[in-house]
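Thanks for coming, everyone. Let me put the structure up, and then we can walk through it together.

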Amino acid sequence: MTEIRELLLRRIRDVADHPEPGVMFKDITPLLADPAAFTALTDALAEIAERTGATKVVGLEARGFILGAPVAVRAGLGFIPVRKAGKLPGATLAQAYDLEYGSAEIEVHAEDLTAGDRVLIVDDVLATGGTAEASVQLIRRAGAEVAGLAVLMELGFLSGRARLEPALNGAPLEALLTV
C-alpha cells in the first residue's frame, strides 16, 4: 500500500491560492491523466467496496463521479450519483446541510436505493465532512445501509473525520492519503 500511496501523492499537484488566497488546492487532474495512477486508485477503492460488502457505490458531485463510476464497474456494482439540488429529473430525496458560509442541498433519485442496499460513498477529498455527512443521512433516509465511506485524500487539519465518525455509526471511513 505504501507504493500506491507514493504513486498517488506524486500525481497530486499543489496549486497555491486557489480558489482564494491562502488556500492550497490539491489538484487531482494529473493523477487522472496518468493511466497507471488512475488504475491503482480505482483498484484500491474497488477493494474497499468489496471488503465492506457494498452492493452499490454512491459518488458525490462532482469529482466523486469521476472516481466512483470506475470503482463501481471494477467491483461489479451499480453506481448512484448524489447531485446538487435541482440537477436530477423525476422524484428525488433531498438533504440540506450547512457550509462554512451558508447552506447547500444534495439529492438522489428516490428509487435508486432500496432497503437491501449496502452503499459505499466515494469522493475525492474529505475536508470538513459536511457533504459526506449529508450523504450518509440521505442514504439512510432512502432506506439503504451505509457500508462505508472511501476517499482518495483526507485533509486531516480540517477535522472532517471527527464530524463524520458519529454519523457513520461504526461503518468504516477509509482515506488512501492523509495530508
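Where does Ser159 lie? Look in the loop between β8 (145-154) and α6 (160-168). Please keep in mind that this is a predicted model. Phi of Ser159 is near 60°, a positive value, and the residue is not glycine. Most residues other than glycine have a negative phi. Is Ser159 buried, partly exposed or exposed? The relative accessibility of Ser159 is 44%, so the residue counts as partly exposed.

Now go to the other end of α6. Asn169 sits in the loop between α6 and β9 (173-178). Phi of Asn169 is positive too, near 50°. Asn169 has 66% relative accessibility, so it counts as exposed.

Let me step back to the whole protein. How many helices and strands are there? Six helices and nine strands. The C-alpha trace spans about 40 × 40 × 30 Å along its principal axes. What about the radius of gyration? The protein has 179 residues, and a compact globule with that number would come out near 16 Å. The protein has 16 Å, so the two agree. Buried residues account for 44% of the 179. Take contacts between residues at least 6 apart in sequence: 62% of them join residues at least 24 apart.

Next, the backbone. Two peptide bonds deserve a look. The bond from His18 to Pro19 is cis, with omega near 5°. Pro19 is in the loop between β1 (13-16) and β2 (24-27). The bond from Glu61 to Ala62 is also cis, and its omega is near -5°. Where is Ala62? In the loop between β3 (56-60) and α4 (63-75). As a rule, most peptide bonds are trans.

On to the inside. In soluble globular proteins, nonpolar side chains tend to be buried together. Here, the largest nonpolar core holds 28 residues. Which of them touch the most other members? Leu41, Leu45 and Leu152. Several elements give two or more residues to this core: α1 (2-10), α3 (35-52), α4, β7 (118-126), β8 and β9. Helix α3 gives the largest share, eight residues.

Take Leu45 on its own. What does Leu45 touch, leaving out residues up to four places away in sequence? The list is Leu67, Val71, Leu120, Val122, Ala150, Val151 and Leu176. Apart from this core lies another one, of 27 residues. Its members include Ala132, Leu164, Ala171 and Ala175.

Ala132 takes us to helix α5, residues 130-141. The helix has 12 residues. From its first C-alpha to its last, α5 reaches 17 Å, close to the 16 Å expected at 1.5 Å a residue. Which residues of α5 are buried? Gly130, Ala132, Glu133, Ala134, Ser135, Val136, Leu138 and Ile139. Note that Glu133 and Ser135 are on that list. After α5 comes Gly143, with a positive phi near 95°.

Now a lysine. Lys56 lies in strand β3. Is Lys56 buried or exposed? Its relative accessibility is 19%, so Lys56 counts as buried; the cut-off for buried is under 20%. What polar partners does its side chain have? A polar atom of the Lys56 side chain lies 2.8 Å from the backbone oxygen of Asp112. The side chains of Lys56 and Asp117 are joined by a polar contact of 3.1 Å. Setting aside neighbours within four places in sequence, Lys56 is in contact with a longer list. Among them are Leu77, Gly78, Ile80, Leu113, Arg118, Val119 and Leu120.

Last stop, the aromatics. How many aromatic pairs does a search of the whole structure find? One. The partners are Phe65 and Phe79, and the pair is edge-to-face. Their centres are 6.4 Å apart, with 85° between the planes. Phe65 is in helix α4, while Phe79 is in strand β4, residues 78-84. The two are 14 residues apart, and the pair links distant parts of the chain. Phe79 is at 26% relative accessibility, so it counts as partly exposed.

That is the tour. I'm happy to go back to any part of it.

Key
Residues numbered from 1 in each chain as written. Predicted model: local features only at pLDDT ≥ 70, side-chain atom pairs only at ≥ 80, totals over all residues. Heavy atoms only, no water. Helix = DSSP H or I, 4+ residues; strand = E, 2+ residues; numbered from the N terminus. Buried < 20%, exposed > 50% of the residue type's maximum accessible area, 1.4 Å probe, protein only. Core = buried A, V, L, I, M, F, W, Y, C linked by side-chain atoms within 4.5 Å. Contact = heavy atoms within 4.5 Å. Phe/Tyr/Trp six-rings, centres within 6.5 Å; stacked < 30°, edge-to-face > 60°. Expected span 1.5 Å × (residues − 1). Polar contact = N/O pair within 3.5 Å; in protein donor to acceptor, adjacent residues only side chain to side chain. Rg over C-alpha atoms; globule rule 2.2 N^0.38 Å.
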